[in-house]
Amino acid sequence: MQRDLASMAAEEPTTRRVLVAEHPRLLKLKEMFNSKFGSTPKFYVRAPGRVNIIGEHIDYCGYSVLPMAVEQDMLIAVEPVKTHTLQLANTNPLYPDFSTSANNIHIDKTKPVWHNYFLCGFKGIQEHFGLSKLTGMNCLVDGNIPPGSGLSSSSALVCCAGLVTLTVLGMSLSKVELAEICAKSERYIGTEGGGMDQSISFLAEEGTAKLIEFSPLRATDVKLPSGAVFVIANSCVEMNKAATSHFNLRVMECRLAAKVLAKHKGLQWDKVLRLEEVQTQLGISLEEMLLVTEDVLHAEPYSREEICKCLGISVEELRTQILSPNTQDELTFKLYQRAKHVYSEAARVLQFKQVCEEAPANAVQLLGELMNQSHRSCRDMYECSCPELDQLVDICRKFGARGSRLTGAGWGGCTVSIVPTDMLPSFLTNVHEAYYRRNSSSLALEKHSLFATKPGGGALVFLEA
């Protein structure tokens, strides 16, 4: 079901009254807040993490993705204050307190420290409304999304902070507007993401996955098969997108592939940024785009000089006008492999949605095969896997998963597997034994390392009843 676009575009995040005493996590957060700041929170905001079922590294290329929210989330207790000081604290002692003027927000791209993600959301709302003088606030953050796991802990914090700031200001925005602002503002930290994580954090609904489409942003319900569950397994290899150039290099390789393809096809290549734009302007199918990719691009890496020759520009123009700051010194780029992954993965997303809609008897098998194809493409064409993820995927398939793949940016983080419901208990036991117990004592099974999940709800505000 696709919601009426006008009504969805106008829908604001939910505000819910709760008895804090009946919610152990809220109660504990309230007590810690009182201990920290000597006062009581006025409200609480939560924003969920997400698992991307299929559609990896294609949102920033303009293509649809298919995530669902998970129950793990960011939760922030908030008290507006009359000073103009923003005081941030975290229930996790690994994350130090931070204090700054609410009117002088500086985000250091060279240091992806936890509070910078809060500042992204805060600054995004501030700039959207063109505000120069903002009230201060005391905030205590509590997150149970494992960091660096590919379940979008950083984007959940950006979204949470955006909704916190909006609520303190007493202003209103729709979920769609909030998602777009938070997607844009996360780039303050230097990550050239595409908007999936922020969109599902705000647009998620319990009981359904979502097909998220862009330009304009919209979400369509996708009913997952009843005979299977999705299981998340953490490889326990952490990866921070903002701390490495891996992620932004892939974004730039896709951008360069789009420009080279566009130039070869006589399009206005200098205006093209995303691979989806090439397909749209040519008016052909994804399958035909794969053939164009085979025809135009070569498998050997492109040097800077060759790209410049293809586009008729200088190396200096390439560095300063096309590449992002942390990719300007890269010497080679794999255009063919990245474009091939993006166009084939975009097709798999649409096939996955179609299988869910048609619900054939062998739906779980078909969906599993699409997930397996996705992992192969991420591993071989996009090169965003790692040995631990590949091992974990193999173990999951061995013990009954019909499909298993890395989820999130990759280079560490989690896998997602589709498992027949009747096999779930033995699957969890066997994967626990084969991966977590055998690998090393450092992979002691934590609460959030291996778990079945179902589609959760989106961001909301809690007021104490």
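1. Overall size: the protein chain has a radius of gyration of 22 Å, which agrees with the value near 23 Å for a compact globule of 465 residues. That radius is taken over C-alpha atoms, and the globule rule is 2.2 Å times the number of residues to the power 0.38. Along the principal axes, the C-alpha atoms fill a box of roughly 65 × 55 × 50 Å.

2. A word on the basis: this is a predicted model, where local features need pLDDT of at least 70 and side-chain atom pairs count only at pLDDT 80 or more, while totals for chains, interfaces and linings use all residues. Residues are numbered from 1 along each chain as its sequence is written, and side-chain values use heavy atoms, with hydrogens and water left out.

3. Burial and contacts: 57% of the 465 residues count as buried (under 20% relative accessible area, 1.4 Å probe, protein chains only). Take the contacts (heavy atoms within 4.5 Å) between residues at least 6 apart in sequence: 74% of them join residues at least 24 apart.

4. Cores: I'd look here next. The largest nonpolar core (buried Ala, Val, Leu, Ile, Met, Phe, Trp, Tyr and Cys residues joined through side-chain atoms within 4.5 Å) has 130 residues, and Phe-118, Leu-275, Leu-297 and Phe-352 touch the most other members. Apart from it lies another core, of 15 residues, including Leu-392, Phe-427, Ala-434 and Tyr-435.

5. Leu-275 up close: leaving aside residues up to four places away in sequence, Leu-275 touches Cys-61, Tyr-63, Cys-254, Ala-257, Ala-258, Leu-261, Ala-339, Val-342 and Tyr-343.

Terms used: Buried < 20%, exposed > 50% of the residue type's maximum accessible area, 1.4 Å probe, protein only.
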